[in-house]
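Me: Please take a close look at one part of this structure, a helix and what packs around it. I would like one connected account rather than a list.

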Amino acid sequence: MVIGVCKLDLRIPENHSLKEKRHVLRKLIDRVRARFNVAIAEVGDNDLWQRAEMGFCTVGNDRRHINSSLDKVVYFIEQMNLVEMVRTEIEIISL
């Protein structure tokens, strides 16, 4: 079993309230879930208006496939132009 985990540090530049932040993140989460078979959630910076930490993961049996899937999700989020990526951390765990 191979588990792929990714943590994204995001910046939401044109944001002025937590309500706007939740709206942007909800749109991002819904689109990623609809397109990819990953679990995704906000995992940090909950009370900051213009910052967010998102985490997502996927499970499979092939390390290359898991790595490719995580890269595709990161690229998809970048192409949405809703947020700016500050940092990306990917970890692949084999059990």
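The reply starts from the helix and works outward to its surroundings.

Reply: The model is a predicted one, and the part to look at is helix H1.

H1 is 18 residues long and spans 26 Å from its first C-alpha to its last, close to the 26 Å expected at 1.5 Å a residue. Its buried residues are Lys21, Val24, Leu25, Leu28, Ile29 and Val32. These lie on the same side of H1, because the arc they cover around the axis is only 130 degrees. An α-helix has 3.6 residues a turn, so residues three or four places apart point the same way. Lys19, His23 and Ala34, on the other side of H1, are exposed.

The cover over the buried residues of H1 includes strands E2 and E3 together with helix H2. Each of these can be taken in turn.

E2 and E3 are antiparallel partners, paired over five bridges. Within E2 and E3, Ala41 stands opposite Gly55, the latter in E3. The hairpin of these two strands has six residues between them, and there Asp45 takes a positive phi near 55 degrees. Most residues other than glycine have a negative phi.

Strand E3 also holds Phe56. Phe56 counts as buried because its relative accessible area is 2%, under the 20% limit. Leaving out residues up to four places away in sequence, Phe56 touches Gly4, Val5, Cys6, Leu8, Val38, Ala39, Ile40, Leu70, Val73, Val74 and Ile77. One of these contacts, Leu70, is 14 residues from Phe56 in sequence, and the two C-alpha atoms are 8.4 Å apart.

The loop that runs from H1 to E2 contains Phe36, which forms a pair with Phe76 of H2 across 40 residues of sequence, so distant parts of the chain are linked. How are the two rings placed? The centres of Phe36 and Phe76 are 5.4 Å apart and the planes are at 75 degrees, so the pair is edge-to-face; the cut-off for that class is an angle over 60 degrees. The count of aromatic pairs is one. Both partners fall under the 20% limit for burial: Phe36 has a relative accessible area of 18%, and Phe76 has 17%.

Just past H2, the loop that leads to strand E4 (84-94) contains Asn81. Asn81 has a positive phi, near 60 degrees, and is not a glycine. Is Asn81 buried or exposed? Asn81 is exposed, because its relative accessible area is 64% and the limit is 50%.

A further site lies in strand E1, which covers residues 2-11 and includes Asp9. Asp9 is buried, at 6% relative accessibility. The side chain of Asp9 makes a polar contact of 2.6 Å with that of Arg87. Arg87 is also among the residues that Asp9 touches, and the others are Ala52, Glu53, Glu84, Met85 and Val86, with residues up to four places away in sequence not counted.

To return to the starting point, H1 has its buried residues on the same side, and the elements covering them include E2, E3 and H2. The link between Phe36 and Phe76 joins the loop after H1 to H2, while E2 and E3 are joined to each other by antiparallel pairing.

Definitions and conventions. Residues numbered from 1 in each chain as written. Predicted model: local features only at pLDDT ≥ 70, side-chain atom pairs only at ≥ 80, totals over all residues. Heavy atoms only, no water. Helix = DSSP H or I, 4+ residues; strand = E, 2+ residues; numbered from the N terminus. Buried < 20%, exposed > 50% of the residue type's maximum accessible area, 1.4 Å probe, protein only. Phe/Tyr/Trp six-rings, centres within 6.5 Å; stacked < 30°, edge-to-face > 60°. Expected span 1.5 Å × (residues − 1). Arc of directions from axis to C-beta. Contact = heavy atoms within 4.5 Å. Pairing = 2+ DSSP bridges. Polar contact = N/O pair within 3.5 Å; in protein donor to acceptor, adjacent residues only side chain to side chain.
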